[in-house]
Structure formats: C-alpha cells, structure tokens
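Hi,

Here is the structure I promised to pass on. Have a look at it first, and my notes on the empty spaces follow below.

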Amino acid sequence: MKSKFDFKKFRPVGIFLAILAALLIYAYGFQVTKVNLEETRSEKRQTQLVRIIRALAKPDLITYDYQETEATFRIRIPCPPEGFQPTLPKEGAPYLKMTPACANPKDTITVEGENFPPNASGPLYFIPPSEVTLSLGTIQTDSAGHFSMTVKLPDRPAEEDQYIRALVKVPSGVPRASAALIDTWDKIVETVFLALLATTLGTLLAVPLSFFAARNLMKDVTSPFISVALYILLIPLGILAGAQIARWAISLRLLLGITLWVDGIGIIVLPLALLFLFRWSVPQTDEQKPSWKLRIARALALLLAYFLGVLTLSFVSNILIEAGNFIQPALGSFGFIGKFVRDCGDILGMILTILSALVGGGVLLNIANRFGEYAIRHFSFSANRLLNLIIGTVSGAGLAVMLMAGIDWLYQFDNRWISLYFPAGIGGLLGLLMALRFKPRDKVGIGMVVYFISRTIFNALRSIEALIMVIVFVVWVGIGPFAGVLALSLHTIAALAKLYSEQVESILPGPIEAVKATGANRLQTIVYAVIPQIVPPYISFTMYRWDINVRMSTIIGFAGGGGIGFLLIQNINLLNYRAASVQMIAIALVVASMDYLSSKLRENMV
Amino acid sequence: MLEVNNLTKIYDGGVQALHNVSFSVPRGQFLAVIGLSGSGKSTLLRCINRLIEPTAGTITWKGVDITNASEEEMRQIRRKIGMIFQHFNLVNRSSVLTNVLAGRLGYVNPAYSLINRFPEKDIQKAMLELERVGIADKAKNRADELSGGQQQRVGIARAMMQDPEMVLADEPVASLDPVLAHSIMQYLQKINEDYGATVLCSLHFLDLVHRYADRVIALNAGELVFDGLPGEIDDTKFKEIYGRDAERVG
Ligand SMILES: Nc1ncnc2c1ncn2[C@@H]1O[C@H](COP(=O)(O)OP(=O)(O)OP(=O)(O)O)[C@@H](O)[C@H]1O
Ligand SMILES: [Mg+2]
C-alpha cells in the first residue's frame with residue numbers, strides 16, 4: 001500500500017526527470033553528430049548541391065559521333081589606319097559576316113553566320129595571335145542554318161590579323177554506349193558473380209556447420225570422460241596423420257611421373273581398385289558381428305582404399321590443372337573456361353590436404369569414443385578411475401601446451417618456461433582436477449560444449465560486417481573481387497549457419513525418434529529424419545542471403561573488395577558525377593531485379 | 001523374455017514419470033499398457049528401446065542388459081524392436097517407400113544408406129510389406145499426401161521391415177476412427193500371431209484391450225497398479241486405475 005502511494009506521489013517528478021534526461025540525451029546527440037543547420041542553408045553549398053544533382057540527373061549513358069562544321073572570319077582590332085578588307089565568303093560554304101568588319105576593343109558588334117547546319121548549336125570563339133581561344137558565347141542556328149549574335153569584343157588590340165571562329169556540332173551516326181556505361185556493365189557482371197560465388201561457398205560450408213549449432217541434435221551427444229580427454233590428444237594427431245597421408249599421396253603421384261598418360265591410367269585403374277577394396281571392406285548389410293581378424297583386415301583394406309582415394313583425387317587435380325593449361329590458349333576468348341578448369345584442379349589439390357586432415361581427425365575421434373565406451377563397460381571401477389586421472393592429466397597438459405603454442409606464435413616469447421613447462425604443469429593440474437570431479441562412469445555432455453563454442457564463433461563473426469572483414473582479406477589477397485568473395489563468404493557462413501541451426505531446432509522431433517528407433521546411427525538419423533525436414537527453409541534462407549549478398553557486393557568495393565562499388569567510389573572521388581550516376585542506376589536496377597527474381601523463385605519453391 | 005526391474009524415470013524438470021515399475025513379458029505375448037493421460041505409458045515404452053534414458057532400474061531382453069548397452073549394441077538391439085507411434089512419425093517430405101526403407105537402417109551399412117542406396121532385396125521387401133498393408137500403389141507418393149489410416153499402415157510396414165522380435169506401439173489407434181482402429185489393431189494381432197513377435201501396446205479403450213490383449217498392465221502416476229488378464233478388470237480395479245471419479249463407458 002505504502003509503496004503504491006509513494007509511486008503516485010512521485011510520478012510527476014519521475015516524468016519530469018525522464019523528459020529532462022531525454023532532452024539531455026538528444027542535446028548531446030546533436031553535439032556529437034555535429035548537426036549544422038548553417039551548412040544546409042549556405043549559398044555555396046546549395047549551388048554545389050544543385051550542380052551535383054543536375055549531374056546525377058544526366059547519367060553519362062551514351063555518346064555519339066559528331067560532325068563538326070566550322071567557319072572562321074578574319075578581323076582586325078582596332079581598325080588599321082590603311083583600312084580593312086574582310087575575306088569574301090565562298091559560295092555555298094558556311095561563312096561568317098561581321099558588322100562592322102573591324103572595330104575597337106570592347107566594342108559591341110554583330111556576328112552573323114550562313115549555311116550552317118540547321119537547328120544546331122556550338123561555341124563561338126575569339127582567337128588572338130597567341131591562339132589561346134576565348135569563348136564569346138554559344139550560338140544557335142535557325143531552321144535555315146542562319147544565326148546572328150551580338151558580342152562584345154575582348155580587350156585584345158593587335159597589329160596582326162585576329163579571328164572569330166564558329167563551331168557547330170551535329171550528332172551523326174547511331175548513338176553508342178559511353179565508356180562509363182561499358183565499364184559499369186563489366187563491373188555489374190563482376191558484382192553479380194561476386195554475390196553468386198560468396199553465396200555458394202557460404203552455403204556449402206554453412207550447411208554442415210549448422211548441425212553443430214543445433215541444440216536438439218547436440219544435447220544428447222555425450223562421451224565418457226576418458227573419451228573426451230582422448231579427443232584432445234588424438235584429434236590433433238589424427239589431423240596431422242590425415243594431412244601426412246595426403247602429402248604422401250601427392251609425393252607418390254609426383255614420383256610416378258608428371259606425364260599425362262600416367263595420370264590417365266591413374267584415374268582409371270585407381271578408382272577400380274578403390275571400389276573393389278571398398279566393396280570388400282564395407283559390406284552392404286551386417287547381420288552378424290564379424291570376427292576380430294576380419295574386422296582388422298577390413299580396417300586395413302579401408303585404410304588402403306582411403307590412400308588410393310586420396311591418390312586418385314590428387315591425379316584428378318593434376319589432370320584438371322594440365323588440361324586447363326592446355327585448353328586455355330586454344331579456346332581464344334573463351335580461355336576463361338580453361339582457367340576455371342585449372343583453378344578447380346588447384347582448389348581440389350588445396351582442399352585435398354584439408355579434407356584428409358579432417359577425415360584423420362574424425363577417425364581418431366571415433367576410436368577415442370569407442371575406447372571410452374569400452375572402458376566404462378568392461379574395466380573395473382578403480383581401473384576406470386586410474387585411467388581418468390592419467391589421461392585427464394596428460395590431455396590437460398597437452399591442451400594447455402597447444403593453446404600456449406598459439407599464443408606464443410602471436411607474441412613470440414622465446415622462453416621454454418612460458419611456452420612449455422608452465423602451461424604443461426598448470427594444464428595437467430586442471431586436467432587432474434577435472435578427472436577427480438567426474439565419477440568414472442559419468443558421461444560428459446560434449447555435444448553442448450561444441451554447441452556453445454560454435455554458437456559463440458558464429459555470433460562473433462556475424463557481428464563483424466563484411467565491409468570490415470574485406471579489409472583483412474585485401475591485405476592477404478590484394479584489392480579486387482576475390483577479397484570481396486572471401487569476406488562475403490565468411491560472413492555468409494556465420495549468418496547462414498545461425499539461421500539454419502535455428503531451423504534445425506524447430507523441426508518435428510517425431511520422425512527423428514522414429515528413425516532412431518529403427519537402429520539408425522546418428523548420421524543416418526540426420527540424413528533420413530532431419531535433412532528432408534529442413535530442405536525448404538534452407539532454400540528460402542539461402543535465397544534471402546543471396547539478396548543480402550547482392551546488396552553487399554555492390555558496396556564491398558568501397559573497401560577494396562571489387563565489383564561496382566569500386567568504380568562508384570572512384571568516380572565520386574574524381575567528382576565525375578555523371579559517371580557515378582550510371583553506376584547508381586545500375587546498382588538500383590540489379591538489386592531490384594534480383595529481389596524480384598528471388599521472390600518469384602521463393603513463391604514457386606516453398 | 002523382457003524383464004523390467006524397478007524402472008524409474010525422473011525427467012530433467014523433476015517430474016517423476018515412472019516409479020519402481022517391475023514386470024516381465026514372456027516371448028510372444030500381447031501386452032496392453034493402460035492408464036490415464038500422463039500416467040507414464042509413453043515414457044515406459046520409450047525406456048524399453050532407450051529413446052529415453054532411464055534414471056534407475058534395469059531392463060533385460062533376451063538376456064541382454066539394455067540399460068547398460070553401448071551405442072553400437074543399442075543399434076543391434078533397436079533394429080529388432082519395431083516401434084509404432086500415435087502420430088505415425090513419418091518423414092512427411094519423403095516418399096512412402098523411403099519411409100518404409102528407413103526400417104532397414106539398423107541393418108544396412110551406414111556408408112551406403114547415406115547416399116540413399118538400399119540392397120535390392122530390401123526394396124523388394126519394402127514393396128511386399130506395403131502390399132501386405134494394402135497401400136503398395138502409394139509407394140511413390142509423399143508421406144503427407146496419405147490419410148491418417150494410410151500413414152499408420154506405413155508406420156506398421158516400417159516396423160515390419162525390421163523383422164521385429166518385439167513391437168512397441170504407443171497408442172497406435174488414438175488418432176484414428178473406430179473402424180480404422182480395428183484394422184490397425186488386426187495388423188498388430190497378425191504380427192503377434194504369425195511372426196511370434198512380442199507386442200507392447202498402450203491403449204485408451206478397454207474394449208480394444210479386451211479384444212486383442214493377452215494381458216494388461218496399468219500405470220497410475222508412474223506406478224504399476226495392475227497386472228493381470230483383461231477380464232480381471234472389474235469396477236474396483238477400474239477405479240484404482242483410472243481414479244475415483246472415472247466412469248466406465250460401454
Ligand atoms: N520430455 C519431458 N520432460 C519433462 N516431463 C515430461 C516429458 N515427457 C513427459 N513428461 C511428463 O512425464 C509424465 C508422464 O508422461 P507420458 O508422456 O509418459 O504419459 P502418457 O501416459 O504417455 O500420457 P498420454 O496418454 O497423454 O500420452 C507426465 O507428467 C509428463 O508431463
Ligand atoms: Mg503418451
């Protein structure tokens with residue numbers, strides 16, 4: 001009761017204070033944003049604005065070939081004492097006539113012209129002996145090709161002949177696209193493809209990553225403590241091993257020869273061997289549990305098949321590079337296809353090592369998981385406790401040393417105590433404490449850890465605008481559209497992974513339950529119960545992102561990322577507003593039409 | 001033989017859905033599970049194939065401890081336990097055939113099934129199962145184009161793909177009309193009689209229990225309050241199971 005009374009009493013005071021605070025905030029806002037009303041009224045600024053708006057209203061779209069007609073009239077200023085005889089006009093040709101034929105400086109005279117092209121205009125010049133022309137004004141001919149104009153002679157007395165010249169320009173031939181328009185077209189194409197590549201690359205990577213940021217898929221991913229500790233040690237090892245296998249495969253390929261026919265045999269024989277090995281080691285159905293020996297033999301065969309697979313891809317990459325190099329000159333103006341083929345080969349070679357490293361990490365992760373599961377089921381309680389303590393300590397130390405190696409790389413301590421012994425000790429201790437905290441057979445919710453880490457990374461990346469990211473990429477790969485593609489892709493990955501994962505979180509749990517109940521493993525459950533449900537929202541989010549990327553790619557050039565924005569900012573800096581206007585129109589057209597296109601597609605698909 | 005010992009489930013929020021439930025089901029029995037809404041029927045059935053992790057207690061089936069099985073062992077166990085759901089739980093955007101084939105996921109090699117490749121004999125079996133439930137002509141349709149009764153038949157065909165030795169049916173007929181309910185229950189009866197599969201089926205209607213079940217267990221607020229023959233449910237038992245104010249219909 002009492003508080004209610006107090007509240008009512010102080011309410012007007014509160015409102016008054018709130019208004020005062022708001023006023024203060026806005027006053028300060030005006031101050032920091034430098035609101036300057038004087039400037040908006042200043043004469044000089046206004047004429048400038050009018051000039052620019054007029055320039056923008058006349059985009060530099062087309063040019064003509066011009067046919068010029070000129071006539072020159074010889075005069076004397078002042079009139080020479082011996083008298084002056086003007087040149088007589090030629091019959092039919094354009095000529096000028098002046099009354100009087102000679103005059104004093106600053107006199108006003110009448111200039112008349114005949115036989116000029118009708119309804120045309122052009123400049124009228126005064127040409128002194130120095131040949132530095134002075135403009136006298138603009139002439140406008142009538143329908144008979146005649147003009148008459150009164151001009152004031154300049155203050156240029158001379159002993160010699162001086163001239164008055166009229167120049168009339170008439171457009172001739174068909175109108176052509178202006179240089180600005182041609183450049184704009186080139187850059188607009190670049191812009192659209194920039195958006196396309198960034199959306200494609202971003203989508204390809206965001207789809208698998210989004211599953212890691214989906215709570216409903218990750219929340220029941222658990223592992224025994226031993227497995228989690230082993231992950232920390234074994235996954236980096238697996239990554240190194242995978243990368244090493246790729247390197248071996250590549251050097252074996254180099255050893256086998258670089259001639260095309262070896263490559264050719266390679267990509268025919270290897271896949272066959274691979275297919276055979278795979279068929280043998282991965283039977284279509286596994287009704288019974290296979291024996292120990294068979295399982296080891298299969299694992300070895302699978303390893304060999306894997307090596308052959310990497311080798312095959314390495315051959316494919318090489319063939320693509322060679323073929324690209326070969327066809328690029330042969331294709332002439334379609335040489336870019338050859339370059340594309342070569343680049344594909346190059347990309348394949350580059351991601352081969354990365355993929356192999358990931359596979360290696362994945363395989364060891366699986367082994368660590370199986371070992372942990374086996375241990376908690378078959379080892380005694382105290383054996384488990386001992387294993388937990390030992391592996392926990394070692395992996396704690398390992399993790400700390402790995403983290404410190406990263407920090408050391410940044411700050412270059414050059415001190416073994418800081419980079420090795422201290423972190424190993426502290427990490428080991430923390431690992432030990434963790435091992436003590438978990439009961440030996442407890443499971444760790446590793447899925448939620450992955451979930452939080454990936455969510456955090458996506459949110460952090462999403463909050464950095466692509467326009468800022470591109471600055472980093474420009475340092476790495478130079479100014480140009482490629483930097484723009486990389487920056488936009490990175491931003492797309494983060495943004496889409498977040499949106500996608502929210503879609504995964506909102507799917508129906510029933511089908512997942514049903515597919516799990518049939519004995520499907522995690523990956524099968526995703527393929528059969530999750531993916532069919534998320535296809536429509538994934539498509540519509542990808543298209544939504546495509547819209548954003550088109551918009552972003554039009555301005556990413558401001559920061560050096562290529563595309564139309566690069567041209568626009570250049571023209572604005574050069575005060576070339578008529579060209580800038582062309583680019584602004586192009587941007588508006590492209591953004592609007594892509595919007596329309598994607599909304600139409602969306603209507604049809606979802 | 002399925003043995004459930006002192007099964008207890010406490011959900012994360014603190015709800016005690018099952019409390020010390022013990023019973024055993026001999027091979028080939030048709031067991032009905034009854035009880036009020038919220039009494040824990042779904043929880044019980046889902047604990048048996050560990051779609052829900054039990055909090056305490058053990059479940060053994062054919063001598064194997066399900067509650068302590070590893071993920072790999074669970075795969076071997078689950079593929080022999082078919083499950084049928086009240087809301088069918090089909091993947092709506094997939095074809096009927098793919099939904100039925102999903103029943104083989106526990107058997108086929110994951111590497112092949114990830115690219116949607118099933119052995120020829122599995123595809124033939126899927127068509128056969130669809131024929132048995134009378135909707136072979138719908139194989140290529142999307143699952144959500146089917147009526148409720150047809151969808152539940154797809155659910156049965158999916159369970160049959162597993163060559164199940166046990167079937168868990170969680171209110172399989174609760175969203176169907178009475179005529180359809182009998183036809184679905186008859187399929188379950190056939191699975192039970194012709195293939196010798198143990199059936200655990202939660203039901204809401206006592207007439208269905210009387211007609212199809214060999215034995216009934218009843219849950220009330222997570223506790224087992226009845227275990228016996230359908231004929232033994234008299235008015236006192238009924239009040240014990242469904243509460244004082246319940247009235248018997250029919
Ligand atoms: N995921 C969950 N988290 C928390 N509590 C739950 C969850 N699922 C069920 N419960 C609770 O557990 C209890 C038993 O639920 P259960 O679904 O097993 O009942 P049921 O007998 O199947 O009911 P119905 O006949 O309505 O299907 C209920 O009180 C319910 O609120
Ligand atoms: Mg239920």
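Helix 9 of chain A is the main contributor to the lining of the second largest pocket, giving ten residues. Bear in mind that this is a predicted model. The pocket in question, the second largest, has a volume of about 1600 Å³. It is lined by 28 residues, and those closest to its centre are A:Leu197, A:Leu201, A:Ile347, A:Phe482 and A:Val485. Besides helix 9 (335–378), the chain A elements that give two or more residues to this lining are helix 4 (179–212), helix 13 (466–477) and helix 14 (481–505). By class, the lining of the second largest pocket comes out as 22 nonpolar, two polar and four charged residues.

Now for the closed spaces. I found five cavities of 30 Å³ or more in the structure. The largest cavity has a volume of about 110 Å³, and its lining consists of B:Glu129, B:Arg132, B:Val133, B:Ile156, B:Met160, B:Tyr187, B:Lys190, B:Ile191 and B:Tyr195. Helix 5 (120–132), helix 6 (148–160) and helix 7 (178–194) of chain B each supply two or more of these residues, with helix 7 giving the most, three. Six of the lining residues are nonpolar and three are charged, with no polar ones.

What lines the second largest cavity? B:Met1, B:Arg27, B:Trp61, B:Lys62, B:Glu165 and B:Thr198 do. The volume of the second largest cavity is about 50 Å³, and its lining has three charged, two nonpolar and one polar residue.

Cheers

Terms used
Residues numbered from 1 in each chain as written. Chains lettered and ligands numbered in written order. Predicted model: local features only at pLDDT ≥ 70, side-chain atom pairs only at ≥ 80, totals over all residues. Heavy atoms only, no water. 1 Å grid on protein atoms, 1.4 Å probe; cavity = no way out; pocket = protein on both sides within 12 Å on 5 of 7 lines; lining within 4 Å. Points joined across faces, edges and corners; volume = space filled by probe spheres on them. Helix = DSSP H or I, 4+ residues; strand = E, 2+ residues; numbered from the N terminus. Nonpolar A, V, L, I, M, F, W, Y, C, P; charged D, E, K, R; others polar.
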